[in-house]
Amino acid sequence: MTFKDFGLSEAVLRGIEAKGYTEPTPIQAEAMPLVLQGRDVMGSAQTGTGKTAAFALPLLSKLGGPSNEGTRVLVLEPTRELAQQVHSSFEDYGKFTGLRSVLIHGGVGYGSQREALLKGADVIAATPGRLLDFMEDGTIKLGQVKYLVLDEVDRMLDMGFLPDVSRIIKSCPKGRQTLFFSATLPPELESLTKWILTDPIAVEIGRRQSAAETVAHALYPVAKDQKMDLLLAMLEMTHFESVIIFTQTKVAADIVCARVAGMKHKVAAIHGDRSQGEREEALAGFKSGKYEVLVATDIAARGLDIAGVTHVINYDVPQHPEDYVHRIGRTGRALKSGDAFTIFTAEDLDPVRKIERYISAQIPRQKLEGFNYLYTALFNESSIPAGGFGRGARTHKGFTIGRRK
Ligand code: AMP
């Protein structure tokens, strides 16, 4: 099946060609016809599956060209980085349509966003807080919205945005088409979906809880006081070109960043305490290759689309199983393979068991060859209470080298 088979507009087909996409991904093949038909969609798809294009391409096609009707597409995202990414996708895919997309998020001044809005926005990609500010001062009016996209809704729930999101939805016309995407569907969201979606079609790609299939992942058991040494040794032995390291807290992200910088690696950190300017600089530097390592917390990194990441290292085991799937989804995007390693201490047994239940698979345990393990007993299953480390650690004989294109 090719993109031409869907009945997308000529201008959008040119945009797709310019991006170099030759065939639709499974979620695109499934969701695009429904969006084009005007159906409400309730989608669950893993990150890296091409979800953005699945809604952006048909919506751009339906908009056709610019009009002075006002904003017709509104996309809500939980983080600034995701809003930025979706906005760029609309600009790329829509570059031959003449449609204008405007990006709205907090953390920066109001002036240039207001100016952009006053010039007219066919599409707005926004985080909820700043959008509400502009609604309150009358700069943004949602009375003409025909297409509403709520993306990563479970994360909006986690971040406490649901009241804001509900206010925004109430300002959109009732007759609109709504597209709802969420990796998980906790009970709190079920009532929301009933309220906002009309006769929705569920689109689910792959099992909702499976880890990205293109990623090879492994756990590296170690004693707690050797975590940092193991991380630094992994970096030394890997000869990676691009790696994202996840930590649980902002403080840990700064500590890891400083230690990795001390090893003469080019590294930047991205987390909620860094200014918008610093976050953008870190991300742009990582994408351009200026930084080879990016240290990130979950919220800052959620959904980031960074091509060619060869490795993900979890310095801390994520507390929520969904975050594990999201983190390792940073690599192996759009069917490229990637490697994800998780440093694992005896204290992490509970979260690791939860992750393994969630993904319905056991994650292989591995040992870093050449690393000076101080407590070899850690690998002796009988020394670990109830459940243990599984089938015992295998020895890892080298990492994949080089940045994947
Ligand atoms: P997303 O899941 O929307 O974040 O997309 C993940 C990555 O896949 C992005 O880098 C897209 O540019 C890329 N992508 C999306 N659709 C296609 C396609 N049909 N062919 C090749 N790459 C794609």
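**Exercise 1. A helix and its cover**

How many of the eight residues of helix H14 (residues 321–328) are buried?

*Solution.* Begin with the kind of model at hand: this is a predicted model, and every value below is computed from it. A residue counts as buried when its relative accessible area is under 20%. Applying that cut-off along helix H14 gives Pro-321, Asp-323, Tyr-324, Val-325, His-326, Arg-327 and Ile-328 as buried. That is seven of the eight residues, and the helix is accordingly described as mostly covered.

One of these residues, Val-325, can then be placed relative to another part of the chain. Its C-alpha atom is separated by 9.4 Å from that of Tyr-358, although the two residues are 33 apart along the chain. Tyr-358 belongs to helix H15, and because its relative accessible area is 14%, Tyr-358 is buried as well.

**Exercise 2. The overall setting**

Find how many helices and strands the protein has, and what share of its residues counts as buried.

*Solution.* Counting the secondary structure elements gives 15 helices and 15 strands. Of the 405 residues, 57% count as buried. A further step is to look at how the contacts are distributed along the sequence: among those with a separation of 6 or more, 76% are accounted for by residues 24 or more positions apart.

**Exercise 3. The largest nonpolar core**

Identify the residues with the most contacts inside the largest nonpolar core, and the element that gives this core its largest share.

*Solution.* The largest nonpolar core has 34 residues, and those with the most contacts inside it are Leu-8, Phe-55, Leu-57, Leu-59, Val-73, Phe-90 and Leu-179. The elements that give it two or more residues include helix H1 (10–19), helix H3 (51–63) and helix H4 (80–93), and among the strands S2 (73–76) and S6 (177–181). Helix H3 provides the largest share, which is eight residues. A second, separate core has 32 residues, including Leu-76, Ile-124, Leu-157 and Leu-162.

To see how one core residue is surrounded, take Leu-179 and set aside residues up to four places away in sequence: Leu-179 then touches Val-35, Arg-39, Val-41, Phe-55, Leu-59, Leu-148, Val-149 and Leu-150.

**Exercise 4. Two helices that cross**

Describe how the axes of H3 and H4 are arranged, and name the residues that make the contact.

*Solution.* Two packed helices are described by the angle between their axes and the distance between the axes. For H3 and H4, the axes come within 10 Å and cross at roughly 45°. Because angles from 35 to 65 degrees fall outside the parallel and perpendicular ranges, H3 is oblique to H4. The crossing of H3 and H4 is right-handed. On the H3 side the contact is made by Thr-52, Ala-53, Phe-55, Ala-56, Leu-57 and Leu-60, and on the H4 side by Val-86, Ser-89, Phe-90 and Tyr-93.

**Exercise 5. Helix H10 and a loop residue**

Why is helix H10 largely enclosed by the rest of the structure?

*Solution.* Helix H10 (residues 227–238) has 12 residues and reaches 16 Å from its first C-alpha to its last, close to the 16 Å expected at 1.5 Å a residue. Nine of the 12 residues are buried, so H10 is largely enclosed. The buried residues are Lys-227, Met-228, Leu-230, Leu-231, Leu-232, Ala-233, Met-234, Leu-235 and Thr-238.

Lys-227 also appears among the contacts of Thr-345, which, leaving aside neighbours within four places in sequence, are Val-222, Ala-223, Lys-224 and Lys-227. Thr-345 lies in the loop between strand S13 (338–344) and helix H15 (349–359), and counts as buried because its relative accessibility is 3%.

**Exercise 6. Positive phi outside glycine**

Are Asp-199 and Lys-264, each with a positive phi although not a glycine, buried or exposed?

*Solution.* Asp-199 has a phi of about 45° and is found in the loop between helix H9 (187–196) and strand S7 (201–204). Lys-264 has a phi of about 70° and is found in the loop between helix H11 (250–262) and strand S10 (267–270). A residue counts as exposed when its relative accessible area is over 50%. Asp-199, with 56%, is therefore exposed, and Lys-264, at 73%, therefore counts as exposed too.

Technical notes:
Residues are numbered from 1 along each chain as its sequence is written. This is a predicted model: local features need pLDDT of at least 70, side-chain atom pairs count only at pLDDT 80 or more; totals for chains, interfaces and linings use all residues. Side-chain values use heavy atoms; hydrogens and water are left out. Helices (H or I, at least four residues) and strands (E, at least two) are DSSP runs, numbered from the N terminus. Buried means under 20% relative accessible area, exposed over 50%, partly exposed in between (1.4 Å probe, protein chains only). Contact means heavy atoms within 4.5 Å. The expected span of a helix is 1.5 Å times one less than its number of residues. A nonpolar core is a set of buried Ala, Val, Leu, Ile, Met, Phe, Trp, Tyr and Cys residues joined through side-chain atoms within 4.5 Å. Axes are lines fitted to C-alpha atoms, for helices over the stretch in contact, and angles run from 0 to 180 degrees between N-to-C directions. Angles under 35 degrees count as roughly parallel, over 145 as roughly antiparallel, 65 to 115 as roughly perpendicular and the rest as oblique. A crossing is left-handed if the near helix is turned anticlockwise from the far one by less than a right angle, and right-handed if clockwise.
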